[in-house]
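Hi,

Here is the model you asked about, with my notes underneath. Have it open while you read, and the rest should be easy to follow.

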Amino acid sequence: MTDTTTTDLAAPDAGLPGGWQMVIGLEVHCELSTATKLFCGCPNQFGSEPNTNVCPVCLGLPGSLPVANDAAVTYAMRLGRALHCEVKPSVFARKNYFYPDQPKDYQISQFDQPTNIEGWLELPDGIRIGIERAHIEEDTGKTSHVGGGGRIHEAGYSLVDYNRAGVPLVEIVGKADLRTPEQARQYVAELRSIILAIEVSDAKMEEGSMRVDANVSVRKADEPYGTRCEIKNLNSLRSLVRALDYEARRQIELLEDGERVIQQTRHWDEADGRTHTLRSKEEADDYRYFAEPDLVPLDPSAETLAAIDASIPTLPADRRQALATAAGVTPVEAAMAVERGLDDLALAAIEAGANPARVMTHVEHNLAADEAVRLDAANFAGLVTMETSGELTATQAKQVLAEMVETGGEPGAIAAARGFEAMETGALESLVDEAIAADPEAWAKFCAGDAKVTGAFVGYVMKATKGQADGKAVTELLRRRAAG
Ligand code: ZN
Ligand code: MN
C-alpha cells in the first residue's frame, strides 16, 4: 500500500531572479472534529465562553490522568491512510516547553514513533508531494494580549483561554518537495479537500482549525539545500503565497549581499506584508522528549485498519480523474468542479446524455460551490439538452438554471413560464429578411465579407424578439442568405 517513490520534480518556475530556486516544506496542524477532547471528556467546541470547556485533565492539575480518545485516534489513522501513509504502532511522547497556553508545561505529542509515516498527496497536475509523517498531538490553549495592538511585547496584560487545550490535532509534516508558492497553495488546498472528503475536520483556516507553518530556503538549482526559516501565522492561502514570496526574496537579498541566512522562526505580518524575527529555531533536543508514561502505545489490528480503509470515500485526485475521463478534459481542468463539490452532478448529467462541454461550462461559471444538492441531475441534463438542441439560447439556459437552483423546478416548465418558447425557424427567417430589408447598405457590406456589420442585423432581430432569439442562429441564417 505504501508508495515511497519520490517524484523527480520538473522544478516549476517561482519567478525568482538570478537562477534562484525556492525549497518549501509545509507543516499543517489540523484540529479533529471529535465530540470531545483528546485525553478527557470535555467538549471539543469552537467559540464557547472562555474557560468553560475545561477539567482537571486538560488544565493539567496534579494527579489527573489522560485517556486517549478512540474517535480521535481513528480519525488520525483515517487521515494517514487517505494520505497514503503507513499506519505504524505508535507511542505518545511528552514535548517539554514552558508557555502559559500549555497548562501542563508539556504537550502530549508523538516523537520517534508517530502514527502515520511516509505518504504522499497528488496535486491536480499529477505531481506527488511527499508526506514525512502525520502524528497525533494535543492543541494548546489560546492567549490574547490586551493593549499595544495585541502584540505580546507592548501588551498591558494577557488573557488565556484553555477551551482549546487538549483538542485533538494531527500535524502533517510534508517533505521539502514544493518549489513555488503556487504549488504550496495547491498542496494546502488539496490537503483541505482530502480532510473534508474524509470528514475528520472542518479545516477552516480562518477559525484556526487548519494552521499552516512554512519552512522555506533558497538555493541555486542542483545545489544542496540552503538554511531555512520557518514562517508562522499563515491563516489564509493568500497569506501563504505572499509570505513565501517575500521570505524567499529576503533570503536571496541577504545571500547576494554576502551575508548568511540565520535559521529562525519568523512571524508573517499580513498588514505590512513582511516576515519578522520571532525566535531562534528550537531543535528537537530543546524539547527533552520522552515517552508519555501515562498512556499505552497504539497498535491497531489488521481488522481496525481494514475498517478504516473501508471508511475512506473516493478522494479528490480520483474524482478529478473520473470527471476528466467522462468530460474529455484534463484533470487540471476538472479540478475546479471537484474542489467545489459539483463533480457528482456533472458526472450524472454527462451519464444522462448531456453535452460534456456545456455541462462543464455551467458547473464552472453558472453554479456556486455546493449548489449541486439543490439540483436534480436529470433536470440539469434536460436543461443542457434543451440548450444544445437550440430550444434555449445560452443566456436563457443560464436564467433557467438559476431558477432551477432557487426552486428545484423542471427546466421545460420554467422555460415555458418565462416565455422562452423555441423560436420557429420560419419566424426567425422572416425576421432576418426584415432586418436585411431595413438596412440594404449594411447588407451589401456583409455580402462583401465585412463581418463588422453582423451586430446590426443580430441587434435588429434581438430587439424584435425582446432578446429571445438565438444570436448564433441569426448569424448562421445571415451567412446562408449571403451565400445565396
Ligand atoms: Zn478536559
Ligand atoms: Mn505540532
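Before the metals, one cut-off: a donor here is an N, O or S atom within 2.8 Å of the metal, and water is not among the atoms, so a site may look incomplete. Also keep in mind that this is a predicted model.

**The manganese site**

With that in hand, take the manganese ion (ligand 2), whose donors follow the spacing H-x107-E-x33-E along the chain. H29 sits in strand 1 (residues 20-31) and E171 in strand 9 (residues 168-174), so this pair ties together parts that are 142 residues apart in sequence. The protein donors are H29 through NE2, plus E137 and E171 through OE atoms. They lie 2.0 to 2.1 Å from the manganese ion.

Are H29 and E171 buried or exposed? H29 counts as buried at 14% relative accessibility, and E171 counts as buried too, at 8%. The cut-off behind that word is under 20% relative accessible area.

**The zinc site**

The zinc ion (ligand 1) is held by sulfur: its protein donors are the SG atoms of C40, C42, C55 and C58. Those atoms are 2.3 to 2.4 Å from the zinc ion. Along the chain the spacing reads C-x1-C-x12-C-x2-C.

What is the geometry of the site of the zinc ion? It is tetrahedral, with angles of 99 to 116° among the four donor atoms. The rule asks for all angles between 85 and 135 degrees, so this site qualifies. As for accessibility, C40 is buried with a relative accessible area of 13%, and C42 is buried with 7%.

**A loop residue to look at**

P50 is in the loop between strand 1 and helix 1 (70-82). Its relative accessible area is 48%, which makes P50 partly exposed. The C-alpha atoms of P50 and V160 are 8.3 Å apart, although 110 residues separate the two along the chain. Setting aside its neighbours within four places in sequence, P50 is in contact with D161 and N163.

**Salt bridges**

The count comes to 26 salt bridges, and here are a few you may want to click on.

- R211 and E31 meet through their side chains at 3.5 Å, N to O. R211 lies in strand 10 (residues 210-220) and E31 in strand 1, so the pair ties together parts that are 180 residues apart in sequence. R211 counts as partly exposed at 22% relative accessibility, while E31 counts as buried at 13%.
- D139 and R164 form a salt bridge, with the closest N and O atoms 3.4 Å apart. This pair links distant parts of the chain, 25 residues apart: D139 is in the loop between strand 6 (128-138) and strand 7 (142-146), and R164 is in the loop between strand 8 (157-161) and strand 9. D139 is buried, and so is R164.
- E86 and K88 also meet in a salt bridge, at 3.8 Å from N to O. E86 counts as partly exposed at 30% relative accessibility, and K88 is partly exposed with a relative accessible area of 31%.

How do E31, D139, R164 and R211 fit together? They are linked in a network of salt bridges.

**Domains and the contact between them**

The domain assignment splits the protein chain into domain 1 (17-310), domain 2 (316-417) and domain 3 (425-483). The centres of domain 1 and domain 2, taken over C-alpha atoms, are 38 Å apart. Eight residues from domain 1 and eight residues from domain 2 make up the contact.

The size of an interface is often given as the accessible area lost when the parts come together. Between domain 1 and domain 2 the buried area is about 540 Å², and carbon and sulfur atoms give 62% of it. Which residues of domain 1 supply more of its buried area against domain 2 than any other three? P124, E190 and S193 do, with 61% of the area that domain 1 buries there.

E190 also turns up in a salt bridge with R320, where the closest N and O atoms are 2.8 Å apart. The count between domain 1 and domain 2 is one salt bridge.

Cheers

Notes
Residues numbered from 1 in each chain as written. Chains lettered and ligands numbered in written order. Predicted model: local features only at pLDDT ≥ 70, side-chain atom pairs only at ≥ 80, totals over all residues. Heavy atoms only, no water. Donors = N, O, S within 2.8 Å, 3.2 Å for Na, K, Ca; no water. Tetrahedral: all angles 85-135°; square planar, octahedral: opposite > 155°, others 65-115°. Buried < 20%, exposed > 50% of the residue type's maximum accessible area, 1.4 Å probe, protein only. Helix = DSSP H or I, 4+ residues; strand = E, 2+ residues; numbered from the N terminus. Domains from an automatic or database assignment. Contact = heavy atoms within 4.5 Å. Buried area = accessible area lost by both parts, 1.4 Å probe. Salt bridge = Lys/Arg side-chain N within 4 Å of Asp/Glu carboxyl O.
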